[in-house]
Amino acid sequence: CALPIWERRGEHGLLALSDGPPPGAVILDLMLPGMKGDLIHDMMRQSPDHQRTPILIITAMADNDLPPWRHDPNVACLTKPVSKQVILATLARLLGR
(Lines give C-alpha, C1' and ligand atoms only; values in the text may rest on other atoms or scores of the structure.)
Protein backbone atom coordinates (compact mmCIF):
# COMPACT_ATOMS: atom_id res chain seq x y z
CA CYS A 1 0.00 0.00 0.00
CA ALA A 2 1.48 3.34 -1.05
CA LEU A 3 1.59 6.13 1.48
CA PRO A 4 -0.56 9.17 0.79
CA ILE A 5 1.14 12.30 -0.49
CA TRP A 6 -0.14 15.62 0.81
CA GLU A 7 0.79 18.85 -0.96
CA ARG A 8 -0.72 22.29 -0.48
CA ARG A 9 0.49 23.76 -3.77
CA GLY A 10 -0.56 22.34 -7.11
CA GLU A 11 2.89 22.30 -8.68
CA HIS A 12 4.31 20.42 -5.68
CA GLY A 13 1.59 17.78 -6.00
CA LEU A 14 2.26 17.34 -9.71
CA LEU A 15 5.99 16.98 -9.01
CA ALA A 16 5.26 14.38 -6.29
CA LEU A 17 3.16 12.40 -8.80
CA SER A 18 6.10 12.24 -11.20
CA ASP A 19 8.51 10.96 -8.52
CA GLY A 20 6.92 7.61 -7.77
CA PRO A 21 4.59 4.89 -8.94
CA PRO A 22 1.14 5.97 -10.19
CA PRO A 23 -1.27 6.50 -7.28
CA GLY A 24 -4.48 4.56 -6.84
CA ALA A 25 -6.40 7.85 -6.81
CA VAL A 26 -5.86 11.60 -6.48
CA ILE A 27 -7.93 13.96 -4.34
CA LEU A 28 -7.78 17.40 -5.91
CA ASP A 29 -9.04 20.88 -5.08
CA LEU A 30 -9.51 23.04 -8.17
CA MET A 31 -8.58 26.28 -6.38
CA LEU A 32 -5.07 25.44 -5.17
CA PRO A 33 -2.41 28.07 -4.60
CA GLY A 34 0.05 28.21 -7.47
CA MET A 35 -0.90 25.80 -10.24
CA LYS A 36 -4.69 25.34 -10.36
CA GLY A 37 -6.37 21.94 -10.16
CA ASP A 38 -7.77 22.00 -13.69
CA LEU A 39 -4.24 22.43 -15.09
CA ILE A 40 -3.01 19.57 -12.89
CA HIS A 41 -5.81 17.39 -14.30
CA ASP A 42 -4.86 18.30 -17.87
CA MET A 43 -1.16 17.58 -17.27
CA MET A 44 -1.94 14.27 -15.56
CA ARG A 45 -4.09 13.15 -18.49
CA GLN A 46 -1.20 13.89 -20.89
CA SER A 47 0.98 11.37 -19.03
CA PRO A 48 0.55 7.69 -19.97
CA ASP A 49 0.97 6.79 -16.28
CA HIS A 50 -1.95 8.99 -15.21
CA GLN A 51 -4.43 8.91 -18.10
CA ARG A 52 -6.90 6.75 -16.15
CA THR A 53 -5.97 7.64 -12.57
CA PRO A 54 -9.20 8.21 -10.62
CA ILE A 55 -9.54 11.83 -9.50
CA LEU A 56 -11.82 13.00 -6.71
CA ILE A 57 -12.45 16.74 -6.89
CA ILE A 58 -13.44 18.39 -3.63
CA THR A 59 -14.26 22.03 -4.26
CA ALA A 60 -16.27 25.05 -3.17
CA MET A 61 -16.99 25.95 -6.80
CA ALA A 62 -20.58 25.94 -8.05
CA ASP A 63 -21.48 23.04 -10.33
CA ASN A 64 -21.96 25.30 -13.37
CA ASP A 65 -18.41 26.70 -12.87
CA LEU A 66 -16.75 23.27 -12.96
CA PRO A 67 -14.69 22.21 -15.99
CA PRO A 68 -16.36 19.94 -18.57
CA TRP A 69 -13.98 17.05 -17.84
CA ARG A 70 -15.80 16.51 -14.54
CA HIS A 71 -18.04 14.14 -16.54
CA ASP A 72 -15.07 11.81 -17.23
CA PRO A 73 -15.92 8.35 -15.77
CA ASN A 74 -12.63 8.44 -13.84
CA VAL A 75 -13.56 11.71 -12.11
CA ALA A 76 -15.97 12.36 -9.26
CA CYS A 77 -16.82 15.79 -7.88
CA LEU A 78 -17.97 16.74 -4.38
CA THR A 79 -18.91 20.21 -3.18
CA LYS A 80 -17.61 21.49 0.17
CA PRO A 81 -18.51 21.02 2.92
CA VAL A 82 -18.44 17.24 2.63
CA SER A 83 -18.25 14.53 5.27
CA LYS A 84 -15.48 11.97 5.61
CA GLN A 85 -18.03 9.20 5.02
CA VAL A 86 -19.07 10.69 1.65
CA ILE A 87 -15.43 11.11 0.63
CA LEU A 88 -14.62 7.49 1.50
CA ALA A 89 -17.74 6.16 -0.26
CA THR A 90 -16.95 8.19 -3.38
CA LEU A 91 -13.34 6.99 -3.42
CA ALA A 92 -14.54 3.40 -3.06
CA ARG A 93 -16.87 3.86 -6.04
CA LEU A 94 -14.10 5.41 -8.15
CA LEU A 95 -11.80 2.52 -7.28
CA GLY A 96 -14.48 -0.07 -8.05
CA ARG A 97 -14.66 -1.38 -4.49
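**View 1. The largest nonpolar core and its best-connected members.** Among the 14 residues of the largest nonpolar core, those that touch the most other members are Val 26, Leu 28, Leu 30, Ile 40, Met 44, Ile 55 and Ile 57; such a core is a set of buried Ala, Val, Leu, Ile, Met, Phe, Trp, Tyr and Cys residues joined through side-chain atoms within 4.5 Å, where buried means under 20% relative accessible area with a 1.4 Å probe, protein chains only. Two or more residues each come from helix H1 (10-18), strand E1 (26-28), helix H2 (37-46) and strand E2 (55-59), with helices (H or I, at least four residues) and strands (E, at least two) taken as DSSP runs numbered from the N terminus. A second, separate core has 7 residues, including Leu 56, Leu 78, Ile 87 and Leu 94. The model is predicted: local features need pLDDT of at least 70 and side-chain atom pairs count only at pLDDT 80 or more, whereas totals for chains, interfaces and linings use all residues. Residues are numbered from 1 along each chain as its sequence is written, and side-chain values use heavy atoms, with hydrogens and water left out.

**View 2. Surroundings of Val 26.** Leaving aside residues up to four places away in sequence, Val 26 touches Leu 17, Met 44, Thr 53, Pro 54, Ile 55 and Leu 56, contact being heavy atoms within 4.5 Å.

**View 3. The open sheet.** The 3 strands are arranged in the order E1-E2-E3 with parallel pairing, which requires at least two DSSP bridges between two strands. E1 and E2 pair over 3 bridges, and Leu 28 has Ile 57 in E2 as its bridge partner.

Notes. Buried means under 20% relative accessible area, exposed over 50%, partly exposed in between (1.4 Å probe, protein chains only).
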